[in-house]
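User: Please take a close look at a single part of this model, starting from one strand residue and working outward. Keep it brisk, and give the cut-offs behind each term.

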Amino acid sequence: GETKKLVSTKKAMEKIFLGDNSTKKTTKIEKNIQKKNTVAKVQTSDKKFNHLQKNESKKIDFTKAIKKTDSIFSTSDLKKRWSIAPTFAVLSSNSFSKSSPINQNLSSSTRGQNSVSYGVQVNYKLNSKWTIQSGIHVLETRFRNNNVVIGVITNSVNSNIIFNNQNSKVLENNAIANNTDLVSNSFARLNTLSGDLSQNYGYIEIPVEIKYSFYNTKKFNTEIVGGFSSLFLTQNKIDISSQFISTSGLANNLNALNFSGNLGLDFNYLINNHWSFNLNPMFKAQLNTFSQRSNGFRPFNVGIYTGLKYRF
């Protein structure tokens, strides 16, 4: 009986002991699991935090990069809306017809000549695409007739020339003075004498144009230009010269105020934040150059304007 009690007591002690150990082991395992979960969560949150920090730093760097590489033609650069450019151009004068505004008998021989234009252009940028342009220019339109019969020009009723001496007979007198062989029949000789006639028309030009930007890069900008110009007559001169005679006058059918329709392209190459090189090919058709008897003569100019543009 005593032996059985001892055995049962021993078994009870083993159960308690084993039970406590298993509980401790279980508790340790659970604690380890919790620690691992906590570490994993912390690591995950750290990773997320680091990732967010990296993303945030990337965003900041990206913004800086945009600011650094921002083109002068972007919206953010619209603080510099004004620009001014002294310009110079070589113009080629021509007409839509082969007629002459001086005399209808000169229609087949009238040819356009090269001339120059110079002045100042002023621009105001409305937004990233549209710009208004104006300024002031001095220009000259030139035409020439070679190997024409002097008598046809001077004695024609429909001639639009007013000579400086108010009398075309000076040509006949000059011809006599320079060549005694013409004394016997100077009038007939004048009608066979050939020479050259040149026409120079000078203007002050004030354009009003609008430009649309259709191609931009960091260093380059291309715009299409359209508008009109007011042309105020400043020079009106006609010269006639030959081997024996020379005289000058003016055209009596030129309007004091003339207009032109303008169309072209504007190329800008950026030098720095303020300066750019400008190249501007333009076509300008004059609309009401003459008041009477122009014989359908419609002049136009084609030119390439160049200059340095300053933005502010």
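Analyst: Pro-86 is in contact (heavy atoms within 4.5 Å) with Gly-119, Val-120, Thr-306, Gly-307 and Leu-308, leaving aside neighbours within four places in sequence. This is a predicted model, so local features need pLDDT of at least 70 and side-chain atom pairs count only at pLDDT 80 or more, while totals for chains, interfaces and linings use all residues. Residues are numbered from 1 along each chain as its sequence is written, and side-chain values use heavy atoms, with hydrogens and water left out.

Pro-86 lies in strand β1. Strands (E, at least two residues) and helices (H or I, at least four) are DSSP runs, numbered from the N terminus. Pro-86 is exposed, with a relative accessible area of 51%. The cut-offs are: buried under 20%, exposed over 50%, partly exposed in between, with a 1.4 Å probe and protein chains only. The areas come from the Shrake-Rupley method with a 1.4 Å probe, and for residues only the protein chains shown count as cover. The C-alpha atoms of Pro-86 and Gln-121 are 6.3 Å apart, with the two positions 35 residues apart in sequence numbering.

Leu-91 belongs to strand β1 too, which covers residues 82-95. Leu-91 is buried, because its relative accessible area is 2%. Beyond four places in sequence, its contacts include Gln-113, Asn-114, Ser-115, Val-116 and Ser-117. Leu-139, Glu-140, Asn-301, Val-302, Gly-303 and Tyr-305 are also among the contacts of Leu-91. Ile-304 is 213 residues away from Leu-91 along the chain, yet the C-alpha atoms are separated by 7.1 Å.

Now strand β4. Ile-136 lies there. Ile-136 is partly exposed, with a relative accessible area of 44%. Gly-119 and Val-120, listed above for Pro-86, are in contact with Ile-136 as well. Tyr-118, Ile-204, Glu-205, Ile-206 and Pro-207 are also touched by Ile-136, not counting residues up to four places away. Pro-207 is 71 residues from Ile-136 in sequence and 7.0 Å from it in space, C-alpha to C-alpha.

Asn-147 sits in strand β4 as well, at residues 130-149. Asn-147 is exposed, with a relative accessible area of 65%. Its phi is positive, about 55°, although it is not a glycine. Most residues other than glycine have a negative phi. Arg-293 is not a glycine either, and its phi is positive at about 40°. Arg-293 is found in the loop between β10 (275-286) and β11 (299-311). Its relative accessible area of 38% makes Arg-293 partly exposed.

Some residues from these lists return around a cavity. On a 1 Å grid over the protein atoms alone, a cavity is a set of points where a 1.4 Å probe fits but cannot get out, and lining residues have an atom within 4 Å of a point. Points are joined across faces, edges and corners, and the volume is the space filled by probe spheres set on them. The structure holds 2 cavities of 30 Å³ or more. The second largest has a volume of about 30 Å³. Leu-139, Glu-205 and Asn-301 are among its lining residues, along with Leu-231, Ser-260, Lys-284 and Gln-286. Its lining divides into 2 nonpolar, 3 polar and 2 charged residues. Here Ala, Val, Leu, Ile, Met, Phe, Trp, Tyr, Cys and Pro count as nonpolar, Asp, Glu, Lys and Arg as charged, and the others, Gly among them, as polar.

Next, strand β9. Asn-268 lies in this strand, residues 257-270. Asn-268 is buried, at a relative accessible area of 2%. Its side chain makes a polar contact of 3.0 Å with the side chain of Asn-278. A second polar contact, of 3.5 Å, joins the side chains of Asn-268 and Glu-223. A polar contact is a pair of N or O atoms within 3.5 Å; within protein, one must be able to donate a hydrogen and the other to accept it, and residues adjacent in sequence count only if both atoms are side-chain atoms. Other contacts of Asn-268 beyond four places include Lys-219, Phe-220, Asn-221, Ser-276, Phe-277 and Lys-309.

Thr-222 lies in strand β7 (residues 220-242). Thr-222 is buried, with a relative accessible area of 5%. Its contacts beyond four places include Asp-266 and Phe-267, plus Tyr-212, Ser-213 and Phe-214.

Finally, the whole protein. The secondary structure comes to 4 helices and 11 strands. Buried residues make up 36% of the 312 residues. Of contacts between residues at least 6 apart in sequence, 75% join residues at least 24 apart. The protein exposes about 18,300 Å², with 59% supplied by carbon and sulfur atoms.

Notes:
On a 1 Å grid over the protein atoms alone, a cavity is a set of points where a 1.4 Å probe fits but cannot get out, and a pocket is an open set with protein on both sides within 12 Å along at least five of seven lines; lining residues have an atom within 4 Å of a point.
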